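Student: I should like a close look at a single part of this model. Please then explain how that part is set within its surroundings, with the cut-off for each term.

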Amino acid sequence: MVKARSVGIGMDYSPTSKSALSWAINNLIEEGDQIVIVHVVSPKAEPTNKQLFQDTGSPLIPLAEFREINVYKHYGLNPDPEVLDMLDKVARTKRVTVVAKVYWGDPREKLIDAVEQLKLDSLVVGSRGLGVLKRVLLGSVSNYVVQNAPCPVTVVKGTPPPKA
């Protein structure tokens, strides 16, 4: 029997992170796998549980609990019905376990922390498609993660903006 994999998906509810989730569901996730939705919240956010879990991130939050509005308030997140519906559907159809984990800080560093702490078998992230100059000035989260993660990383390109 094949060992179930633990697949992390970087999620900030942007269109590109939703594309990454969709790609992972359609191309990577298999029956019995575990999906770990990794949220990295700005260190400036002040949710109730931030001080308690600032260094290690939140405990793993099961999908059923993640739907509760109090959980969002405790961790400084805004619910996204589209993402929750996608996760509910894949949990039912492919019989996967879905959990979430929240970190506070620099997304580059915290995604690497998640891979290491949770022993993820792979990580899927979206790409904002920054131009060369912006990528140099702002730094690319996806590029950093690809270079530093100890597991395979898939970067899903975002849809290009419509031309004016």
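**The contact between two helices**

Tutor: Four residues of helix α1, namely Lys18, Leu21, Ser22 and Ile25, meet Glu82, Val83, Met86, Leu87 and Val90 of helix α5 (a contact means heavy atoms within 4.5 Å). The residues of this contact divide into 6 nonpolar, 1 polar and 2 charged. In this grouping, Ala, Val, Leu, Ile, Met, Phe, Trp, Tyr, Cys and Pro count as nonpolar, Asp, Glu, Lys and Arg as charged, and the others, Gly among them, as polar. The model is a predicted one, in which local features need pLDDT of at least 70 and side-chain atom pairs count only at pLDDT 80 or more, while totals for chains, interfaces and linings use all residues. Residues are numbered from 1 along each chain as its sequence is written, and side-chain values use heavy atoms, with hydrogens and water left out.

The axes of α1 and α5 come within 11 Å and cross at roughly 10 degrees (axes are lines fitted to C-alpha atoms, for helices over the stretch in contact, with angles from 0 to 180 degrees between N-to-C directions). The crossing angle therefore makes α1 roughly parallel to α5, a label given to angles under 35 degrees, with over 145 roughly antiparallel, 65 to 115 roughly perpendicular and the rest oblique.

Helix α1, residues 15-27, also lies across strands β1, β2 (34-41), β5 and β6, and runs at about 140 degrees to β5. Helices (H or I, at least four residues) and strands (E, at least two) are DSSP runs, numbered from the N terminus. The chain as a whole has 8 helices and 6 strands, which follow the pattern β-α-β-α-β-α-α-α-β-α-β-α-α-β along the sequence.

The strands form an open sheet of 6 strands with mixed pairing, in the order β3-β4-β2-β1-β5-β6 (two strands pair if DSSP finds at least two bridges between them). At the edges stand β3 (61-62) and β6 (153-157), each with a single partner strand, so one side of each is left without a neighbour in the sheet. In general, the strands of a sheet pair through backbone hydrogen bonds, either parallel or antiparallel. Strand β1 (residues 6-11) runs parallel to β5 (residues 122-127), with 3 bridges between them; Val7 stands opposite Ser122 in β5. A parallel pairing with 8 bridges joins β2 to β4, where Val41 stands opposite Trp104. By contrast, β3 and β4 run antiparallel and share 2 bridges, and Pro62 has Val99 in β4 as its bridge partner. Strand β4 is mostly covered, with 7 of its 8 residues buried (buried means under 20% relative accessible area, exposed over 50%, partly exposed in between, with a 1.4 Å probe and protein chains only). Over the whole chain of 164 residues, 44% are buried.

Residues just outside α1 complete this side of the picture. Ser6 is placed in β1 and counts as buried because its relative accessibility is 10%. Leaving aside residues up to four places away in sequence, Ser6 touches Gln34, Val36, Lys119, Leu120, Asp121 and Ser122. The side chains of Ser6 and Gln34 are joined by a polar contact of 3.3 Å, that is, a pair of N or O atoms within 3.5 Å; within protein, one must be able to donate a hydrogen and the other to accept it, and residues adjacent in sequence count only if both atoms are side-chain atoms. The C-alpha atoms of Ser6 and Ile29, 23 residues apart along the chain, are separated by 9.3 Å. Tyr13 lies in the loop between β1 and α1. This residue is not a glycine, yet it has a positive phi of about 70 degrees, and Tyr13 is buried, with a relative accessible area of 16%.

At the other helix, Thr93 is placed in α5 and counts as exposed at 52% relative accessibility. Its C-alpha atom is separated by 8.4 Å from that of Glu31, 62 residues apart along the chain. Arg95 is found in the loop between α5 (81-93) and β4 (97-104). Arg95 has a positive phi near 50 degrees, in a residue other than glycine, and counts as exposed at 58% relative accessibility. Finally, among contacts in the chain between residues at least 6 apart in sequence, 79% join residues at least 24 apart.
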